[in-house]
Amino acid sequence: MRDGAAIQDQIPDNHCFGCGPQNDHGLQIKSYWRGENESVCEFTPLPHHCAGPTRYLNGGIIATVIDCHTICTAIADGYRQAGRDTGTGNKIWYATGKLEVQYRAPAEIDEPVELTAKILERTERKTVLSCELKSAGRLCATANVVAVRVPDNW
Ligand SMILES: CCCCCCCCCCCC(=O)SCCNC(=O)CCNC(=O)[C@H](O)C(C)(C)COP(=O)(O)OP(=O)(O)OC[C@H]1O[C@@H](n2cnc3c(N)ncnc32)[C@H](O)[C@@H]1OP(=O)(O)O
């Protein structure tokens, strides 16, 4: 179950490698709200996203999709807290202050990965999130992320 349009399709001017619709060479992940404080993302790896063994997903790609899914969630939440639809009015941007990933099991390259992010805490300057990444139903990575609000000229 997911709510509404993809968060990334509502954030303007985003050239990010992991989540920017404007980046033709990027991963172009899509995240969706699932209720108030939770969001989901499904990403299908390509063969060249592999680790040393070709059957497993590269750890940097795992970190990138977690980074982008959680930071875009923090941005969309920032708009929600401001009482605005995502992408409307003055831009609200967050950057990654901290990204702590635990790699618990290898993720298969030929299976989509499913991410679930949860907002744990929010203040004016930062949002703290957790994230789980599963492959074929198996928990492969967990993460803690601090998203820090930055000026719209960042
Ligand atoms: C174009 C459209 C794109 C829109 C779409 C973009 C989506 C992009 C998705 C990918 C995101 C990225 O990869 S961004 C790229 C990677 N990240 C970066 O390059 C960031 C580099 N670092 C910085 O610019 C800075 O250090 C910041 C912004 C993170 C922090 O700036 P600052 O000025 O030092 O902030 P400061 O006031 O000290 O802290 C504010 C609050 O955050 C907390 N805080 C700050 N850093 C940390 C930390 N590492 N770990 C824990 N907590 C932290 C502080 O305790 C404080 O909490 P409290 O006291 O208030 O409670």
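Here is a quick tour of this structure, starting with the whole chain and ending with the ligand. Keep in mind that this is a predicted model. The protein chain has 1 helix and 6 strands, and along the sequence they come in the pattern β-β-α-β-β-β-β. With a radius of gyration of 15 Å, close to the 15 Å that the globule rule gives for 154 residues, the chain is as compact as a globular protein of that length.

**The chain overall**

- If you lay the C-alpha trace along its principal axes, it spans about 45 × 30 × 30 Å.
- Buried residues account for 34% of the 154 residues in the chain.
- Take the contacts between residues at least 6 apart in sequence: 62% of them join residues at least 24 apart.

**The sheet**

- The strands make an open sheet of 6, in the order β1-β2-β4-β5-β6-β3, and the pairing is antiparallel.
- β1 and β3 sit at the edges with a single partner strand each, so one side of each has no neighbour in the sheet.
- On average, neighbouring strands here are turned by 25 degrees against each other, ignoring direction.
- As general background, strands of a sheet pair through backbone hydrogen bonds, either parallel or antiparallel.

**The β1, β2 and β4 end**

- β1 (residues 31–33) pairs with β2 in the antiparallel sense over 3 bridges.
- These two strands form a hairpin with 4 residues between them, and in its turn Gly35 has a positive phi of about 85 degrees.
- To find the match-ups, look for Tyr32, whose bridge partner in β2 is Val40, and for Trp33, which stands opposite Ser39 in β2.
- β2 (residues 38–43) has side chains that alternate between two faces. Ser39, Cys41 and Phe43 point to one face and are buried, while Glu38, Val40 and Glu42 point to the other and are not.
- Over on its β4 side, β2 is joined by 6 bridges to that strand (residues 113–122), and the two run antiparallel.
- Cys41, one of the buried residues of β2, has Leu115 as its bridge partner in β4.

**The β5, β6 and β3 end**

- β5 and β6 run antiparallel and are joined by 10 bridges; Lys134, for instance, has Leu139 as its bridge partner in β6.
- The hairpin of β5 and β6 has 2 residues between the strands, and Ala136 takes a positive phi near 50 degrees there.
- β6 is also joined to β3 by 10 bridges, again with the two strands running antiparallel.
- In that pairing, the bridge partner of Leu99 is Val145 in β6.

**The helix**

- α1 lies across β1, β2, β3, β4, β5 (126–135) and β6.
- Its direction is at about 140 degrees to β3.

**The ligand**

- The ligand is surrounded by 21 residues, and the closest are Ile71, Gly97, Lys98, Arg125 and Lys126.
- Sorted by class, this shell has 12 nonpolar, 4 polar and 5 charged residues.
- α1 (59–81), β3 (93–103) and β6 (138–150) each supply at least two residues of the shell.
- That ties the ligand back to the parts above: β3 is an edge strand of the sheet, β6 is joined to β3 by 10 bridges, and α1 lies across both of these strands.

Technical notes: Residues are numbered from 1 along each chain as its sequence is written. This is a predicted model: local features need pLDDT of at least 70, side-chain atom pairs count only at pLDDT 80 or more; totals for chains, interfaces and linings use all residues. A residue is buried if 20 or more other C-beta atoms lie within 10 Å of its own, exposed if 12 or fewer, and partly exposed in between; C-beta atoms are placed from the backbone. Two strands pair if DSSP finds at least two bridges between them. A residue is near a molecule or strand if its C-beta atom, placed from the backbone, lies within 6 Å of it. Ala, Val, Leu, Ile, Met, Phe, Trp, Tyr, Cys and Pro count as nonpolar, Asp, Glu, Lys and Arg as charged, and the others, Gly among them, as polar. Axes are lines fitted to C-alpha atoms, for helices over the stretch in contact, and angles run from 0 to 180 degrees between N-to-C directions. Two residues are in contact if their C-beta atoms, placed from the backbone, lie within 7 Å. The radius of gyration is taken over C-alpha atoms; the globule rule is 2.2 Å times the number of residues to the power 0.38.
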